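Colleague: I'd like to learn how you read a fold from its packing and its strands. Could you walk me through one?

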Amino acid sequence: MTDYLTVNRANWDERAPAHAASADYGFAKFAADPAHLSDVVTFDRPLLGDLTGQRGVHLQCHIGTDTVSLSRLGATMTGLDFSGESLKQARALASSAGAEIPFVQSDVYAARDVLDGEFDLVYTGIGALGWLPSISRWASTVASLLAPGGRLFIREGHPILWSLEYERTDDVIALSEPYFEQEAPMVWDEGGTYVQTDHQFVHTVTHEWNHGLGEIVTAVLSAGLTLTGLVEHRSVPWNALPGRMRDIGGGEWQLADRPERLPHTYTLQARKPM
């Protein structure tokens with residue numbers, strides 16, 4: 001099998017400039033308004049609570065909009081991502097926004113090897129876990145980064161959502177992809193991306209995995225963390241099922257017909273015992 005890191009890194013390296021240039025990520029808003037937060041962190045804020053004085057790391061931070069937003073909520077943040085081009089854009093964003101944030105390039109599984117010390121907050125955002133082949137290895141990495149009493153916070157697309165046939169044009173919600181983690185990746189070849197852009201992409205192949213909610217919770221518990229919260233949400237911060245979702249504001253989308261049928265995203269929180 002072609003190395004998934006090489007394939008996926010090429011994809012994200014090419015996506016990063018297009019994402020940074022798009023209105024969807026709103027780079028200019030961060031420079032213009034020192035109080036501006038990303039839609040994702042705005043959604044997370046009620047559950048995040050007060051971050052003042054906390055040392056945090058944002059795993060798989062991409063181009064840094066959520067990382068800068070967490071910094072603006074009072075945390076001393078570090079961003080980590082495997083894409084050098086993504087981090088180039090993240091550093092430019094932080095500089096324009098007046099945020100002093102170190103960004104470190106690394107595969108998430110090697111995070112403990114490249115980051116110093118322990119963290120009060122490990123934050124992982126939307127669209128991150130699907131790029132990782134082993135959820136148990138991810139949870140072990142998170143546990144190794146947390147200080148005693150430190151917290152994991154993740155909002156992610158629901159594994160049910162990831163398993164749906166998203167190109168249907170009717171109102172049927174059909175499960176067509178694996179819900180549970182598989183050894184072999186799902187290999188996709190798609191030319192576009194999730195923001196508006198005229199860029200014609202060359203690196204279009206990705207390797208991805210789904211992880212069942214029970215597998216995620218079990219991995220977190222097996223890593224020695226204590227589960228403190230699990231909320232399933234009825235919205236998702238992108239148009240996940242084109243033609244079947246409605247924009248409900250705040251960057252969130254919801255199934256237009258009977259949204260109670262579908263868990264769109266979830267927020268999981270856990271702590272490392274003292």
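Colleague: Let's start inside. Which residues touch the most other members in the largest nonpolar core?

Modeller: Keep in mind that this is a predicted model. The idea is to look for buried nonpolar residues joined through side-chain atoms. Here that core has 35 residues, and Leu59, Trp138, Leu152 and Leu268 touch the most other members.

Colleague: Which elements give two or more residues to this core?

Modeller: They are α1 (4-21), β1 (55-59), β4 (119-124), α7 (135-145), β5 (146-157), α9 (213-222) and β11 (265-271). The largest share is from α7, with six residues. There's also a second, separate core of 28 residues, with Met77, Ala90, Leu121 and Tyr123 among them.

Colleague: Back to Leu152. What does Leu152 touch, not counting residues up to four places away in sequence?

Modeller: Its list is Val122, Trp138, Val142, Leu146, Val220, Leu225, Leu268, Gln269 and Ala270. One of these, Val122, has Leu152 as its bridge partner in β5.

Colleague: In which sense do β4 and β5 pair?

Modeller: To read a pairing, follow the bridges. β4 and β5 are parallel, with five bridges. Put α7 between those strands and you get a β-α-β unit that is right-handed.

Colleague: How many bridges join β5 to β11?

Modeller: Seven, and those two strands run antiparallel. Arg151 is the residue opposite Arg271 in β11. As for cover, 10 of the 12 residues in β5 are buried, making the strand mostly covered.

Colleague: Now some polar residues. Is His233 buried or exposed?

Modeller: For burial, you check the relative accessible area against a cut-off. His233 counts as buried because its relative accessible area is 12%, and buried means under 20%. You'll find His233 in strand β8 (residues 226-233). Beyond its neighbours within four places in sequence, His233 is in contact with Phe43, Leu47, Arg155, Leu262, Pro263, His264, Thr265, Tyr266 and Thr267.

Colleague: And where is Gln54?

Modeller: Gln54 sits in the loop between α3 (39-48) and β1. Don't judge burial from the element alone; check the value. Gln54 has 18% relative accessibility, so this residue counts as buried too.

Colleague: Which residues does Gln54 touch, leaving out those up to four places away in sequence?

Modeller: Gln54 touches Gly74, Ala75, Thr76, Asp120, Leu121 and Arg151. Two names there should ring a bell: Leu121 belongs to the second core, and Arg151 stands opposite Arg271.

Note on methods: Residues are numbered from 1 along each chain as its sequence is written. This is a predicted model: local features need pLDDT of at least 70, side-chain atom pairs count only at pLDDT 80 or more; totals for chains, interfaces and linings use all residues. Side-chain values use heavy atoms; hydrogens and water are left out. A nonpolar core is a set of buried Ala, Val, Leu, Ile, Met, Phe, Trp, Tyr and Cys residues joined through side-chain atoms within 4.5 Å. Buried means under 20% relative accessible area, exposed over 50%, partly exposed in between (1.4 Å probe, protein chains only). Helices (H or I, at least four residues) and strands (E, at least two) are DSSP runs, numbered from the N terminus. Contact means heavy atoms within 4.5 Å. Two strands pair if DSSP finds at least two bridges between them. A crossover is right-handed if, with the strands pointing away from the viewer, the path from the first strand over the helix to the second runs clockwise.
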